[in-house]
Protein chains: 2
Amino acid sequence: MDELARQKCLPRAGVEHQLSTEIVAQHLEQLPGWRLGADLGSLEKRYAFLDFYRTMAFVNAVAWIAHEQDHHPDLSVGYNYCLVRLSTHDVGGLSWNDLICAARIDALSE
Amino acid sequence: MDELARQKCLPRAGVEHQLSTEIVAQHLEQLPGWRLGADLGSLEKRYAFLDFYRTMAFVNAVAWIAHEQDHHPDLSVGYNYCLVRLSTHDVGGLSWNDLICAARIDALSE
């Protein structure tokens, strides 16, 4: 995971950057809590927090990563949780950018 | 709407504070863009923005209202939109708190 978290997102991902199911499955082993979304073309993880303040601090940290990497997840936010969903629209599925952002978001808590 | 936006949320809402469908429908007329959720026990509105920075600025303004009113919506956040969902768990549906927060969130853009 450390290695992924040190990489930067590719600025322009195209269809040729779609990852195979095997590559995704292999790297998910290093990303605890992340799983394939129901559409198999996204990654998601639910982060739980003690209160709303911690939830919002996390949301803003994720927003900063999204800004820096120019790769924007969808977030579902409630009082004490944040569900993060990553996918690469221009690829029509998953790219390295999703794995990199997943690792970078996890690295916030390390 | 102005009148609603000036009210404060009730600290402890109970089952006795559940609003009738009529009251909700009546006030929804003053809250453009807000509609009943599919479960009929929530209110939701989708706000669109030009970019991620404006989206996140809005998310944080909503978080501040949620903190001040101690009434926390669920948010679905993407690059250029935020879907706000309000309901009162302790009431098992909608209370004045949801209408007040809907009006206060709208007032952010007035």
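Asp70(B) counts as exposed in this predicted model, because its relative accessibility of 57% lies above the cut-off, which requires a value over 50%. This residue belongs to the loop that runs between α3 (52–69) and β3 (74–78) of chain B. Its backbone has a feature worth a look: phi of Asp70(B) is near 50°, a positive value in a residue other than glycine. Another loop of chain B offers a second case, since Leu40(B), which is not a glycine either, has a positive phi of about 65°. Leu40(B) sits between β1 (35–36) and β2 (43–48) of chain B, and with a relative accessible area of 60% Leu40(B) is exposed.

A third loop residue of chain B, Thr88(B), is placed between β4 (81–86) and α4 (96–107). Is Thr88(B) buried or exposed? Thr88(B) has a relative accessible area of 6%, and is therefore buried, the cut-off for that term being under 20%. Apart from neighbours within four places in sequence, the residues in contact with Thr88(B) are Ala13(B), His71(B), Gly93(B), Ser95(B), Asn97(B) and Asp98(B). With Asp98(B) there is also a polar contact of 2.6 Å, made between the two side chains. Further along the chain, Ala103(B) follows Thr88(B) by 15 residues, and the C-alpha atoms of Thr88(B) and Ala103(B) are separated by 15 Å.

These contacts lead to helix α4 of chain B, at the start of which a side-chain oxygen of Ser95(B) comes to within 3.1 Å of the backbone nitrogen of Asn97(B). The 12 residues of α4(B) should span 16 Å at 1.5 Å a residue, and the end C-alpha atoms are indeed 16 Å apart, so the expected and the computed values agree. Because 9 of those 12 residues are buried, α4(B) is largely enclosed by the rest of the structure. The buried set consists of Asn97(B), Asp98(B), Leu99(B), Ile100(B), Cys101(B), Ala102(B), Ala103(B), Ile105(B) and Asp106(B). Around them, the elements against which these residues pack are α1 (2–6), α2 (21–28), β2, α3 and β4 of chain B.

In chain A, helix α4 (residues 96–107) can be read in a similar order, beginning with its length. Its 12 residues should span 16 Å at 1.5 Å a residue, which agrees with end C-alpha atoms that are 16 Å apart. Of these residues 9 are buried, so α4(A) too is largely enclosed by the rest of the structure. Among the buried residues are Asn97(A), Leu99(A), Ile100(A) and Cys101(A), and the cover over the buried part of this helix includes α1 (2–6), α2 (21–28), β2 (43–48), α3 (52–69) and β4 (81–86) of chain A.

One residue of this helix can be followed in detail. Asn97(A) is found in α4 of chain A and, with a relative accessible area of 5%, is buried. A polar atom of the side chain of Asn97(A) lies 2.8 Å from the backbone nitrogen of Leu10(A). Setting aside neighbours within four places in sequence, Asn97(A) is in contact with Cys9(A), Leu10(A), Ala13(A), His71(A) and Thr88(A).

The next topic is the nonpolar interior. The largest nonpolar core has 60 residues, and those with the most contacts inside it are Trp34(A), Val84(A), Trp34(B) and Val84(B). Beyond residues up to four places away in sequence, Trp34(B) touches Leu28(B), Leu43(B), Glu44(B), Lys45(B), Tyr47(B), Val84(B), Leu86(B), Ala102(B) and Asp106(B); of these, Ala102(B) and Asp106(B) are among the buried residues of α4(B).

What remains is the relation between the two chains. Chain A can be laid on chain B with an RMSD of 0.0 Å by a turn of 180° and a shift of 0.0 Å along the axis, which means that the relation is that of a two-fold axis. In chain A, the C-alpha nearest the axis belongs to Ser76(A), at 2.3 Å from it. The same surface serves both copies, as 100% of the contact residues of chain A recur in chain B. Where the chains meet, 17 residues of chain A are in contact with 17 residues of chain B. The area buried between chain A and chain B is about 1300 Å², and carbon and sulfur atoms give 62% of it. On the side of chain A, Phe52(A), His72(A) and Val77(A) lose the most area to chain B, together 32% of what that side buries.

Definitions and conventions
Residues are numbered from 1 along each chain as its sequence is written. Chains are lettered from A and ligands numbered from 1 in the order in which they are written. This is a predicted model: local features need pLDDT of at least 70, side-chain atom pairs count only at pLDDT 80 or more; totals for chains, interfaces and linings use all residues. Side-chain values use heavy atoms; hydrogens and water are left out. Copies are superposed by least squares on the C-alpha atoms of residues with pLDDT of at least 70 in both. Contact means heavy atoms within 4.5 Å. A nonpolar core is a set of buried Ala, Val, Leu, Ile, Met, Phe, Trp, Tyr and Cys residues joined through side-chain atoms within 4.5 Å. Buried means under 20% relative accessible area, exposed over 50%, partly exposed in between (1.4 Å probe, protein chains only). Helices (H or I, at least four residues) and strands (E, at least two) are DSSP runs, numbered from the N terminus. The expected span of a helix is 1.5 Å times one less than its number of residues. A polar contact is a pair of N or O atoms within 3.5 Å; within protein, one must be able to donate a hydrogen and the other to accept it, and residues adjacent in sequence count only if both atoms are side-chain atoms. Buried area is the accessible area (1.4 Å probe) that two parts lose on being put together, summed over both.
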